[in-house]
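Please load the model in your viewer and keep the selection panel within reach. We will go from the whole chain to single side chains, one stop at a time.

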Amino acid sequence: YCDEFVNVLTYEGRRVRFGLVAFSDYPQEPLWIKGMTDRSGDFRNWLRRIEFSGGGPLSESGLDAIVEALRRFDFRERAAVRFFFFSDAPFHDRDYDGQSQHTLDEVIALLQARRVVVDVIGLDYLPVKQLAYGTGGRWMPIPGQGYLEQISMPLPVRGGAALGALSFRPEGPTDEVFVFIDPHRRAEWVELRWRVLNPRGERIQGEFVERLEVPPDATRLVFRPQLRPEWFQSGGYYTIIYRLTDSWNHSVALRRVMEYR
């Protein structure tokens, strides 16, 4: 459908420059970057040359592609910059699977600072939607007859990992993060960093940091971060992201979603 979009802009007589970033699983599969051009014919040719293959696991490198577009493309001063993000998969995120250098809230902050609006044609999945909502864009379901296009993906909750586990009540206000101490390779300390994202995917609280020393006979530690009711002022899903790191540099992310009405 991108050809139709190009037609609309051309017929309206707008001064348009196009760029393109095609991605799958970067860096194993390199990004394909073309731009910028004011010739719509060049852009159509780029679109036709995209090869849909590879991709590895389900998630792909959408955030990395967005950051590279911000780095590589030279936008005119006072230009209205708009990204259109097309993907039939979720994206890698340092907080979600550790397979990207970037987190959703960091990328949203970069886009906001550059005044870039992102329209998303993608999955019915909270982080994918937040990429649009956090930049003032629109989310639309990707058309298709495949498996993922037909379902709503579960909320991005992760309550357990090798280093620890998260226990919470859906309504808050106190979570408990349990850390399991390895008796064969005892850490000297464990650190908890955490922050809160609003329904638009923007960071609104944090980053909070707490460190506990590991006693010689301890089998586990417990962090009890406090969630304040005044942080949750509007309806929607808030994401709380916890990252545990120990003195051996082991690190895991835990997260939960709290619905506020």
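The tour below starts with the overall picture and then visits helices, strands and loops.

**Before you click**

This is a predicted model, in which local features need pLDDT of at least 70 and side-chain atom pairs count only at pLDDT 80 or more, while totals for chains, interfaces and linings use all residues. Residues are numbered from 1 along each chain as its sequence is written, and side-chain values use heavy atoms, with hydrogens and water left out.

**Stop 1: the whole protein**

Show everything as a cartoon. You should find five helices and 12 strands; helices (H or I, at least four residues) and strands (E, at least two) are DSSP runs, numbered from the N terminus. The C-alpha atoms fill a box of roughly 70 × 40 × 40 Å along the principal axes. Of the 261 residues, 46% are buried, where buried means under 20% relative accessible area, exposed over 50% and partly exposed in between, with a 1.4 Å probe and protein chains only. Among contacts (heavy atoms within 4.5 Å) between residues at least 6 apart in sequence, 63% join residues at least 24 apart.

**Stop 2: α1 against α2**

Select residues 2–11 for helix α1 and 40–49 for helix α2; their axes come within 11 Å and cross at roughly 170 degrees. Axes here are lines fitted to C-alpha atoms, for helices over the stretch in contact, and angles run from 0 to 180 degrees between N-to-C directions. The two helices are therefore roughly antiparallel; angles over 145 degrees count as that, those under 35 as roughly parallel, 65 to 115 as roughly perpendicular and the rest as oblique.

Now show side chains: α1 contributes Cys2, Asp3, Val6, Asn7 and Thr10, and α2 contributes Ser40, Phe43, Arg44, Leu47 and Arg48. Colour them by type and you get four nonpolar, three polar and three charged residues. In this scheme Ala, Val, Leu, Ile, Met, Phe, Trp, Tyr, Cys and Pro are nonpolar, Asp, Glu, Lys and Arg are charged, and the others, Gly among them, are polar.

**Stop 3: α3 and its surroundings**

Move on to helix α3 (residues 62–72) and helix α4 (residues 104–113), whose axes lie 11 Å apart at an angle of about 25 degrees. That makes α3 roughly parallel to α4. On the α3 side, pick Leu63, Ile66, Val67 and Leu70; on the α4 side, pick Leu104, Val107, Leu110 and Leu111. This contact has eight nonpolar residues, no polar ones and no charged ones.

How many of the 11 residues of α3 are buried? Nine are, so the helix is largely enclosed by the rest of the structure. The elements covering its buried residues include β1 (18–22), β2 (32–37), β3, α4 and α5 (126–133). Asp64 is one of those buried residues, and it leads to the next stop.

**Stop 4: Ser100**

Centre on Ser100, in the loop between β3 (82–86) and α4. Ser100 counts as buried because its relative accessibility is 7%. Its side chain has a polar contact of 3.2 Å with the side chain of Asp64 and reaches the backbone nitrogen of His102 at 3.1 Å. A polar contact is a pair of N or O atoms within 3.5 Å; within protein, one must be able to donate a hydrogen and the other to accept it, and residues adjacent in sequence count only if both atoms are side-chain atoms.

**Stop 5: Asp175**

Which side chains does Asp175 hold polar contacts with? Zoom in on strand β7 (residues 175–180), where Asp175 lies. The side chain of Tyr242 is 2.5 Å away, and that of Arg256 is at 2.7 Å. Asp175 is buried, with a relative accessible area of 0%.

**Stop 6: Val190**

Next, select Val190 in strand β8 (residues 189–197). Val190 is buried at 1% relative accessible area. Draw a C-alpha to C-alpha distance to Glu213: 6.6 Å in space, with the two positions 23 residues apart in sequence numbering.

**Stop 7: backbone details**

Finish with the backbone. The peptide bond from Gly35 to Met36 is cis, with omega near 0 degrees, and Met36 sits in strand β2. Arg78, in the loop between α3 and β3, has a positive phi of about 65 degrees although it is not a glycine. Arg78 is exposed at 73% relative accessible area. Arg115 also has a positive phi, about 55 degrees, and lies in the loop between α4 and β4 (117–122).
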